[in-house]
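Open your viewer, load the model and get your selection tool ready. We will go from one stop to the next, with a word on what to look for at each.

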Amino acid sequence: MGLRSFLLEKIQKVTVGKRKEIQKDIWVKCDKCGEVSYKDDIINNFHTCPACGYHFKVGAMDKINMIIDAGSFVEIDANLKSLDPLQFKDTKKYIDRIRDTVKKTSLNEAFISGYGTVYKKTVHIGAFEFSFLGGSMGSVVGEKITRLIESAIANKNHVITISCSGGARMQESILSLMQMAKTSAALKKLSNKGLAHISILTDPTTGGVTASFAMLGDVHIAEPGALIGFAGPRVIEQTIRQKLPEGFQTAEFLLQHGMVDMVLHRKEWKDTIYKLLQFFG
């Protein structure tokens, strides 16, 4: 091989490698329909596929920003962190798992809470971050949800929660399960003051979150195609010894059976919520 041929081969390899990297940054393949779209087109379409409407998974702040007026969100209780009262250990110590997740996500917990405006109308809002231990609800998450609701009561604001969770955090055992009752009690206080809870259910919303505050909204809005349920389909089938119907535990199935009030594309969230806020007064 001559020097010229050798250099041409090296240049070609470098060029191909860079082209693949650039294409990966520009193009995204839909997990549902397989359509390849510009990444910017997906982002501008509220992180959904322009071809089929598939909702890509996004973080808590992305969801909050789809609803709240730009620059109006103020976070509260951001410094609350989980402890390890049970000194739990599975394949790793719980306290180490928390430390590693905090470092990875740059968050202190799986729930972001605060307040902001929707077309200049102030609301209290909170959302789960699934990348933080599967959005599981432990003592601190339950405390943050409760404080969010109590702050809303003190300021006479309605509450919006955006759920995306695997359920109760097993590493905190009964302390985690107690958050179901705690958050439900807080919502009762909110209701007694004539204030509304708008619950948005995204993919997935399961376990103790579904079994508590997430299904205690005055209005339930579900994300298209979202998995929403308590136990998994296999566990339910083994328990009732029956085959479950097609689409069981999807947002559309729950809508048909009266468990949610509406299934909305993300681009419809803000306008619909504003109308609901006007209705609730």
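Start by selecting residues 269-280, which make up helix H10. This helix has twelve residues and reaches 16 Å from its first C-alpha to its last, close to the 16 Å expected at 1.5 Å a residue. Keep in mind as you go that this is a predicted model.

Now colour the buried residues of H10: Trp269, Lys270, Thr272, Ile273, Leu276 and Leu277. Turn the view until you look down the axis of H10; the buried residues fall within an arc of 160 degrees, so they line one face of the helix. An α-helix has 3.6 residues a turn, so residues three or four places apart point the same way. Which exposed residues sit on the face of H10 turned away from the buried side? Select Lys275 and Phe279 to see them. Step past the end of the helix and you reach Gly281, with a positive phi near 80 degrees.

**Into the core**

Next, pick Ile221 and show what surrounds it. Leaving out residues up to four places away in sequence, Ile221 touches Ile198, Ser199, Ile200, Leu201, Met262, Leu264, Trp269, Ile273 and Leu276. Trp269, Ile273 and Leu276 are among the buried residues of H10 that you have just coloured. Ile221 also belongs to the largest nonpolar core, which has 56 residues. Along with Ile67 and Ile160, Ile221 touches the most other members of that core. Which element gives the most residues to this core? That is H5, with five.

**Helix H5**

So select residues 139-155 for H5. Its 17 residues reach 24 Å from first C-alpha to last, close to the 24 Å expected at 1.5 Å a residue. The buried residues here are Val140, Val141, Gly142, Lys144, Ile145, Thr146, Leu148, Ile149 and Ala152. To see what covers them, show S3, strand S4 (111-118), strand S5 (121-128), strand S6 (159-165) and helix H6 (173-192), all included in that cover. Just after H5 comes Lys156, with a positive phi near 60 degrees.

**Across the sheet**

Switch to a cartoon view and follow the seven strands of the open sheet in the order S3-S4-S5-S6-S7-S8-S9, with mixed pairing. Strand S3 (74-76) and strand S9 (262-263) are at the edges, and each has a single partner strand, so one side of each is left without a neighbour in the sheet.

Zoom in on strand S7 (residues 197-205) and strand S8 (residues 219-222): the two run parallel and are joined by four bridges. How is Ser199 matched in S8, that is, what is its bridge partner? Select His220 to find that partner.

Stay on S7, because the cis peptide bond between Asp203 and Pro204 has an omega of about -5 degrees, and Pro204 lies in this strand. 

**Cysteines**

Show the cysteine sulfurs next. How many disulfides are there? The count is zero. The sulfur of Cys49 is 3.8 Å from the closest cysteine sulfur, in Cys30, and that is too far for a bond. For Cys52, the closest cysteine sulfur is again in Cys30, at 3.6 Å, also too far for a bond. The cut-off for a disulfide is within 2.5 Å. Is Cys49 buried or exposed? Cys49 is buried, with a relative accessible area of 2%, while Cys52 is partly exposed at 34%.

While you are in this region of the sequence, select His47, in the loop between helix H2 (39-44) and helix H3 (60-67). Its phi is positive, about 60 degrees, although His47 is not a glycine.

**Last stop: the loop between H8 and H9**

Finally, go to the loop between helix H8 (233-240) and helix H9 (251-256), where you will find Gln249. Gln249 has a positive phi near 75 degrees and is not a glycine. At 6% relative accessibility, Gln249 counts as buried.

Phe248 is found in this loop too, and at 26% relative accessibility it counts as partly exposed. Setting aside neighbours within four places in sequence, Phe248 is in contact with Ile236 and Phe253. To end the tour, draw a distance from the C-alpha of Phe248 to that of Glu143: the two are 105 residues apart along the chain and separated by 32 Å.

Note on methods. Residues are numbered from 1 along each chain as its sequence is written. This is a predicted model: local features need pLDDT of at least 70, side-chain atom pairs count only at pLDDT 80 or more; totals for chains, interfaces and linings use all residues. Side-chain values use heavy atoms; hydrogens and water are left out. Two strands pair if DSSP finds at least two bridges between them. Buried means under 20% relative accessible area, exposed over 50%, partly exposed in between (1.4 Å probe, protein chains only). The expected span of a helix is 1.5 Å times one less than its number of residues. Contact means heavy atoms within 4.5 Å. The arc is that of the directions from the helix axis to the C-beta atoms. A nonpolar core is a set of buried Ala, Val, Leu, Ile, Met, Phe, Trp, Tyr and Cys residues joined through side-chain atoms within 4.5 Å.
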